[in-house]
Amino acid sequence: MSEQKLAQEKVFLDPIHDFIQVQDQVILDLINTAEFQRLRRVRATSIANMVFHGAEHSRFSHSLGAYEIARRITSYFGRHFVSQTPDDGLWHPEERLVTITAALLHDVGHGAFSHTFEHIFDTDHEAWTQDILTGDTEINQVLRRVSPNFPNEVASVIAKTYENKQVVQLISSQLDVDRMDYLLRDTYFTGTKYGEFDLDRILRTLRPVQDGIVVDYNGLHAVEDYITSRYQMYLQVYFHPASRGLEVLLEHLLERAQTLYDDARNTPGKDLSFVGPFLTPLFAGGKLTLEAYLALDDNVFWTYINLWQQHPDPILSDLARRFMTRKPLKSILVSSDADDLIDDVRDLVEKAGYPADFYTAENDAYDLPYDDYQPNAAKPRTQIDLLQKDGTRVELSTVSKLVAAIKGQASIDQRFFFPKEMLQVDGTDLLTDVRQEFQNYIKNDILVRPNEKQA
């Protein structure tokens with residue numbers, strides 16, 4: 001494997017890490033590729049900036065941050081935990097370059113609007129990342145200068161099949177460079193304080209072991225703080241009701257555009273131009289080419305959504321206007337003993353003139369702030385282990401009451417989303433009775449049975 005150092009270190013100023021230091025030619029060349037520069041046009045937090053106005057940061061800056069954390073960790077391991085024998089479980093310096101490269105490129109396959117895009121169009125950014133690393137791209141050309149097999153090695157880290165589990169866990173685990181950077185970066189740019197934790201302390205207490213990465217027991221409280229920060233960010237930022245209301249609106253907007261495209265494609269003479277050349281490969285279905293996928297970014301979608309405000313379909317144009325003018329769907333909490341009422345309130349929304357398929361929703365899947373290893377789970381997690389003085393390991397939640405209380409717990413409540421107009425009552429409106437009946441199901445922003453409200 002060929003490693004070429006820069007004659008002079010390149011430095012990127014960064015509000016989270018102060019300085020991002022680039023010492024390798026391959027890293028600088030990767031940053032300058034077209035595929036990596038595209039990440040400047042993909043926001044890291046999807047549409048959270050419509051709720052937290054400062055959240056304008058991109059996947060580009062996040063990827064640089066993840067790289068910087070990986071660089072610091074590998075540098076620390078290289079000074080203190082260098083392997084002396086093949087099987088001593090310590091750090092092999094030759095793993096440094098694949099680690100920092102994978103950290104830099106871990107998000108290069110992300111699509112527009114982040115995970116909302118994946119949910120709607122059934123894509124997987126990690127699979128696209130691997131395609132970008134191994135396909136006909138500038139990134140692949142740069143990686144091949146290191147060695148012919150280097151693109152496959154980096155791609156296997158993303159796929160979690162790389163032989164060295166230390167490298168895999170640094171890039172993808174419950175305590176990885178991705179999560180550590182985005183928590184700090186997202187909390188900074190949203191103007192909140194929920195995601196702050198002691199990064200320096202965690203980095204100094206990480207330890208390489210035979211089958212991965214653990215934390216020295218002295219780092220217990222720093223990791224507790226990290227898990228709590230992750231929990232709070234999900235609760236207060238990532239699943240903020242207004243943010244989720246806008247995401248649901250966006251999902252329904254794109255679903256409506258897909259429905260109209262499918263109808264037009266199956267009807268001779270119907271106009272298909274409203275999706276344009278950039279979105280046609282996406283809406284047409286089938287496997288996107290790498291070129292077509294890389295042409296999609298946030299700006300492309302914003303342009304088309306802006307145009308759709310003038311579309312003759314009343315649902316698409318209305319949803320587009322709501323999204324462009326920041327009019328999110330309203331939501332109410334749904335208690336566990338009231339979920340059987342959702343069909344009732346959906347019917348009332350429909351009666352009020354809002355097709356329920358495009359104007360209502362419930363919460364979809366979400367991640368957990370922390371859980372331990374469950375071998376029978378669909379996607380088993382890599383738990384956080386602490387290294388005790390006698391060399392034995394213990395899972396984090398078994399020694400932390402705080403983490404034990406959070407472990408496996410949902411960080412959001414079930415909510416029902418609907419048009420805000422359902423809460424407006426106008427005596428001259430012919431639909432006043434329908435809206436009034438709808439409001440009989442709501443008390444203190446919670447879905448209840450009408451007789452319970454009257455009690």
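Helix α10 is mostly covered in this predicted model. Twelve of its 14 residues are buried. The helix runs over residues 177–190. From first C-alpha to last, α10 reaches 20 Å, close to the 20 Å expected at 1.5 Å a residue.

Which residues of α10 are buried? Val177, Asp178, Arg179, Met180, Asp181, Tyr182, Leu183, Leu184, Arg185, Asp186, Thr187 and Thr190 are. The list includes charged side chains as well as Val177, Met180 and Leu183. These buried residues pack against several elements, among them β1 (5–14), α3 (59–80) and α4 (96–105). Further partners are α9 (165–171), α11 (199–205) and α12 (220–238).

Both ends of α10 can be described. At the N-terminal end, Asp176 acts as the cap. One of its side-chain oxygens lies 3.2 Å from the backbone nitrogen of Asp178. Gly191 follows the helix, and its phi is positive, near 80 degrees.

One packing partner of α10 is β1. How does β1 pair with β2, parallel or antiparallel? The sense is antiparallel, over six bridges, with β2 spanning residues 18–24. A hairpin of three residues joins β1 to β2. Within this pairing, Val11 stands opposite Gln21 in β2.

Next, the aromatic rings. The structure holds 26 aromatic pairs. A pair of this kind is described by the distance of the ring centres and the angle of the planes. Two examples follow.

| Pair | Geometry | Centre to centre | Angle between planes |
|---|---|---|---|
| Phe77 and Phe81 | edge-to-face | 6.0 Å | 90 degrees |
| Trp128 and Tyr293 | stacked | 4.1 Å | 5 degrees |

Is Phe77 buried or exposed? Phe77 is buried, with a relative accessible area of 0%. Phe81 is buried too, at 17%, because the cut-off for burial is under 20%.

The stacked pair links two helices. Trp128 lies in α6 (residues 125–134) and Tyr293 in α15 (residues 290–294). The pair therefore ties together parts that are 165 residues apart in sequence. Trp128 is buried, with a relative accessible area of 6%. Tyr293 also counts as buried, at 1%.

Trp128 has a charged neighbour as well. The charged end of Lys287 sits over the Trp128 ring, 4.0 Å from its centre. Trp128 thus appears in a stacked pair with Tyr293 and under the charge of Lys287. Elsewhere, Arg40 lies over the face of Phe60. The distance there is 3.8 Å from the ring centre.

Two aspartates remain. Asp318 is found in helix α17 (residues 314–324). Its relative accessible area is 18%, so Asp318 falls under the 20% cut-off and is buried. The side chain of Asp318 makes a polar contact with the side chain of Arg322, at 2.8 Å. In an α-helix there are 3.6 residues a turn, so residues three or four places apart point the same way.

Asp433 sits in helix α21 (residues 432–439). Is Asp433 buried or exposed? Asp433 is exposed, with a relative accessible area of 64%. How far apart are Asp433 and Ala352 in space? Their C-alpha atoms are 9.5 Å apart, although 81 residues separate them in sequence.

Notes: Residues numbered from 1 in each chain as written. Predicted model: local features only at pLDDT ≥ 70, side-chain atom pairs only at ≥ 80, totals over all residues. Heavy atoms only, no water. Phe/Tyr/Trp six-rings, centres within 6.5 Å; stacked < 30°, edge-to-face > 60°. Buried < 20%, exposed > 50% of the residue type's maximum accessible area, 1.4 Å probe, protein only. Helix = DSSP H or I, 4+ residues; strand = E, 2+ residues; numbered from the N terminus. Lys NZ or Arg CZ within 6 Å of the ring centre and 35° of its normal. Expected span 1.5 Å × (residues − 1). Contact = heavy atoms within 4.5 Å. Polar contact = N/O pair within 3.5 Å; in protein donor to acceptor, adjacent residues only side chain to side chain. Pairing = 2+ DSSP bridges.
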